[in-house]
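User: Please take a close look at the metal site of this protein and at the parts of the chain around it. I am in my first year, so give the meaning of each term as you go.

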Amino acid sequence: MKTTFSALAKRLAVGVAFAALSVSAFAQDAGITVYNAQHESLAQEWADAFTKQTGIAVTIRQGSDLEVGNQLIQEGANSPADVFLTENSPAMVLVDNAGLFEPLPADITDQVPAQYRPQNGHWTGIAARSTVFAYDTRKLTEDTLPKTMDELADPAWKGRWASSPSGADFQAIVAAYYALKGEEATVAWLKGMKENTVVVRGNRAAMAAANNGEVEGALIYHYYWFGDQAGTKESSANVALHYFKHQDPGAFVSISGGGVLASSKHKEDALKFLKFVTGAAGQAVLRDGTSFEYAVGVDAASNAALTPLADLDAPHVDPTQLDNIKASELMTAAGLL
Ligand SMILES: [Fe+2]
């Protein structure tokens, strides 16, 4: 997951040069290329299930939300990408604002309820994740947990919680806070965060810091805990999840997005892929696989271990209103980036 997109692109460029030498072997359509910023394991689970069902090959190019989003903008109409998948909505908005998405047909958008996709139908939600406070159960109890995300900016919380502000996941949380509360409140919250938070790189490291007793909690997404619990528990044995609920900004549910590039040379197969991801079989991958992200498809069940999405009392945030440029500007000004 640490491999940069450009490093991968270089490696792939070598691969492409190689392939060109034996172009006759590639007379047939070589399938679709997915630019992926979702967790690679989840994209691979989707790709494998799709290829098994349709025989269409999927090549995944991996990067982070904004890296890949910016790459698509640079490449424009010449991009080899057919599909773009993200962890969070802001990168989808970035690419949509550049006019690069193919409007989706109703047989795709109808598979996802309206609250999990933009009204313009240029892309769709494919999965969802909830903000949580992962806390050390040896130090915090129901009574001493923060009631709101705002509390974490109070002086009383100095040095007591970890976060990974450089990640796209956390920047989506800040973009949501900004959408809900406006600039003045966001600036004030980030000032408190800068004072209080212990900065680490990656959500897993933030959770591990709580597990190791370095801090009392971490502001992260829910699936890092569930994934670790399903495995060795090495980063979460002493940790439980606190859901802020009450439409608090800390209860923000972030939508992972999927879209088809207007410049795709394999549009039919690309649309087929997105239809698969948002349909029953693709959403079942979320229910049965190892991602522990929420399913968002109509009537699609999430993993039974998760607190139901409907019980999270998340604030209503229009995914198209998540302004990552503004969020990163404010975070940079606060000294967090
Ligand atoms: Fe993540």
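Analyst: The answer starts at the metal and then follows the chain outward. The model is a predicted one, in which local features need pLDDT of at least 70 and side-chain atom pairs count only at pLDDT 80 or more, while totals for chains, interfaces and linings use all residues. Residues are numbered from 1 along each chain as its sequence is written, and side-chain values use heavy atoms, with hydrogens and water left out.

The iron ion has these protein donors: His-39 through NE2, Glu-87 through OE, Asp-169 through OD, and Tyr-223 and Tyr-224 through OH, at 2.0 to 2.4 Å from the ion. Donors are N, O and S atoms within 2.8 Å of the metal (3.2 Å for Na, K and Ca); water is not among the atoms, so sites may look incomplete. Along the sequence, the spacing of the donor residues is H-x47-E-x81-D-x53-Y-Y. His-39 sits in the loop between strand 1 (32-36) and helix 2 (40-54), and Glu-87 in the loop between strand 3 (83-85) and helix 4 (90-97), so this pair ties together parts 48 residues apart in sequence. Helices (H or I, at least four residues) and strands (E, at least two) are DSSP runs, numbered from the N terminus.

His-39 is buried, at 13% relative accessibility, and Glu-87 is buried too, with a relative accessible area of 10%. Buried means under 20% relative accessible area, exposed over 50%, and partly exposed in between (1.4 Å probe, protein chains only).

Next comes strand 1. Five of its five residues are buried, so strand 1 is largely enclosed by the rest of the structure. In a regular strand, side chains alternate between the two faces of the sheet. Here Ile-32, Val-34 and Asn-36 are buried on one side of strand 1, and Thr-33 and Tyr-35 on the other. Strand 1 pairs in the parallel sense with strand 2 (residues 58-62) over five bridges; two strands pair if DSSP finds at least two bridges between them. In this pairing Ile-32 stands opposite Val-58, and Tyr-35 stands opposite Arg-61. The chain passes from strand 1 through helix 2 to strand 2 in a right-handed β-α-β crossover, meaning that, with the strands pointing away from the viewer, the path from the first strand over the helix to the second runs clockwise. Strand 1 also pairs with strand 3 in the parallel sense, over three bridges, and there Tyr-35 stands opposite Phe-84. Four of the five residues of strand 2 are buried, so strand 2 is largely enclosed by the rest of the structure.

On the Glu-87 side lies helix 4. Seven of the eight residues of helix 4 are buried, so the helix is largely enclosed by the rest of the structure. Among the buried residues are Pro-90, Met-92 and Leu-94. The elements covering them include helix 3 (65-75), strand 3, helix 6 (168-196), strand 9 (253-260) and helix 11 (324-333), where contact means heavy atoms within 4.5 Å. After helix 4 comes Gly-99, with a positive phi near 75 degrees.
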